[in-house]
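User: I'm new to this one. Can you walk me through it?
Analyst: Sure, let's look together.

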Amino acid sequence: MFDLDAGHREVQKAAHSVAAAVEEFADEADACTSVHPGALEALRASGLARHVVPAAFGGESETLDPLTIAVIREALMYSSAHLDSLFGMQGVGSYSLAVGGTDELRREWLPRVAALEAIAGLALTEPGVGSDLRAVTTVIESAPGGLRVTGRKSFITNGGAADFYCVLGREGDGHSMVLVPADAPGLTITRGPDLIAPHILGELEFDGVVVPEGNRLGVARRAFSLMLATLAVFRVSVAGSAVGLAQAALDEALRHVTTREQFGEPLIALGAVSQNVALSWTEIESARALTYRAAALARSDPRGRLDLSSIAKVGATEAAGRVVDRSVQIMGRFGLVRGSKIERLYRNARPLRVYEGATEVLLDSLARRLAKGAS
Ligand SMILES: Cc1cc2nc3c(=O)[nH]c(=O)nc-3n(C[C@H](O)[C@H](O)[C@H](O)COP(=O)(O)OP(=O)(O)OC[C@H]3O[C@@H](n4cnc5c(N)ncnc54)[C@H](O)[C@@H]3O)c2cc1C
């Protein structure tokens with residue numbers, strides 16, 4: 001078993017207390033397609049967002065610690081997917097700025113990201129482009145006054161709520177990234193589709209938006225690496241979220257099967273039900289151990305450990321899917337009630353296997369790495 005040290009346990013305690021405070025209105029927060037003020041305030045007051053920003057710009061530690069981030073996401077997701085997303089996206093949305101922005105740009109935005117006074121967004125996906133991000137069609141080009149951005153981005157978390165977006169586009173024969181403030185002239189944001197698990201989603205249209213050259217992130221035409229750097233630090237944090245959700249589903253099922261009786265006994269005494277909960281426990285502990293180990297190793301060399309982060313993401317999100325499905329099953333008809341907690345968990349589990357690298361995409365790249373001799 002992987003033991004957290006005292007520092008990580010302290011952060012975990014702080015995250016548990018925010019999650020506990022949000023628990024009473026988690027149903028309402030998880031139904032939101034805009035920022036839930038109570039969840040935002042609880043997260044802001046906790047100061048936890050400081051953990052996704054480097055210390056030089058108002059954050060907590062000199063370099064981000066994937067294990068700290070994963071442990072926080074596990075605790076937050078246990079109570080609310082909305083809360084988890086608000087926290088996670090502050091890092092996912094701002095990391096390319098943290099590693100690729102000019103000092104001036106970083107000083108302008110990052111302290112506010114750390115204090116949750118500015119909300120971050122990352123705009124990669126387009127209507128026609130999802131997993132194959134090298135195929136993006138949004139154009140970034142030099143123009144009088146700086147850089148011009150033209151194109152459409154789709155399914156963008158925090159779209160409409162964020163204060164800025166880090167945008168990936170094509171520039172000449174390569175990929176570039178720029179920071180576009182939400183109020184930039186020429187940027188139109190409309191509400192995204194309603195998902196089975198409600199989420200703050202926006203569709204972004206950039207109609208010749210011009211930003212200063214100083215808003216460039218990374219090196220012109222070589223900025224795809226910023227995207228990979230973001231994934232290397234944050235992919236494993238999705239595994240943390242999955243572990244938190246799976247634990248919540250098991251705990252919910254346990255409450256039911258230890259109190260409801262059939263055939264003169266609590267459900268948990270019935271063979272198949274006991275097997276089910278024990279198997280879920282086994283899968284959760286395995287996923288947690290793998291997640292913590294992958295996250296701990298990612299601290300010193302995130303890019304070098306991306307395979308293990310991908311393995312943790314696949315392992316934990318697929319396990320969460322199985323655990324929540326099993327939990328619904330052993331709750332019988334009570335697992336099927338609309339508006340129940342288990343229904344919310346069942347819906348919230350589903351997107352985890354699609355975003356930040358769909359399971360099949362990650363397995364495909366892991367298989368290619370194995371073919372090249374990695375293990
Ligand atoms: C809740 C939510 C929030 C999101 N937030 C953001 C955001 O903030 N910013 C952003 O830019 N995007 C965001 N996205 C978009 C997300 O990143 C994409 O959904 C994801 O990259 C997958 O792309 P796609 O949905 O277009 O699926 P596609 O690329 O069309 O793939 C569909 C399926 O095909 C299979 N597949 C695809 N490629 C391969 C392959 N190489 N090998 C094997 N199988 C493959 C997989 O099963 C995959 O699920 C979000 C999505 C969701 C659901």
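User: Which residues of α6 are buried?
Analyst: R106, W109, L110, V113 and A114 are. Buried means 20 or more other C-beta atoms, placed from the backbone, within 10 Å of the residue's own. Helices (H or I, at least four residues) and strands (E, at least two) are DSSP runs, numbered from the N terminus. This is a predicted model: local features need pLDDT of at least 70, side-chain atom pairs count only at pLDDT 80 or more, and totals for chains, interfaces and linings use all residues. Residues are numbered from 1 along each chain as its sequence is written.

User: Where do those buried residues sit around the α6 axis?
Analyst: On the same side of α6, because they cover an arc of only 130 degrees. The arc is that of the directions from the helix axis to the C-beta atoms.

User: And what do they pack against?
Analyst: α5 (81-100), β1 and β4 (164-171). Contact means C-beta atoms, placed from the backbone, within 7 Å.

User: What comes just after α6?
Analyst: L116, with a positive phi of about 60 degrees.

User: New topic. Which residues come nearest the ligand?
Analyst: L124, G130, S131, T157 and E360, out of 17 around the ligand. Near means a C-beta atom, placed from the backbone, within 6 Å. β1 (120-123), β3 (146-157) and α11 (359-371) each give two or more residues to that shell.

User: Which domains feed the shell around the ligand?
Analyst: Domain 2 (120-221) and domain 3 (225-370) give at least three residues each. The bounds come from an automatic or database domain assignment.

User: How far apart are the centres of domain 2 and domain 3?
Analyst: 31 Å, taken over C-alpha atoms. Their contact takes 10 residues from domain 2 and nine from domain 3.

Definitions and conventions. Two residues are in contact if their C-beta atoms, placed from the backbone, lie within 7 Å. A residue is buried if 20 or more other C-beta atoms lie within 10 Å of its own, exposed if 12 or fewer, and partly exposed in between; C-beta atoms are placed from the backbone.
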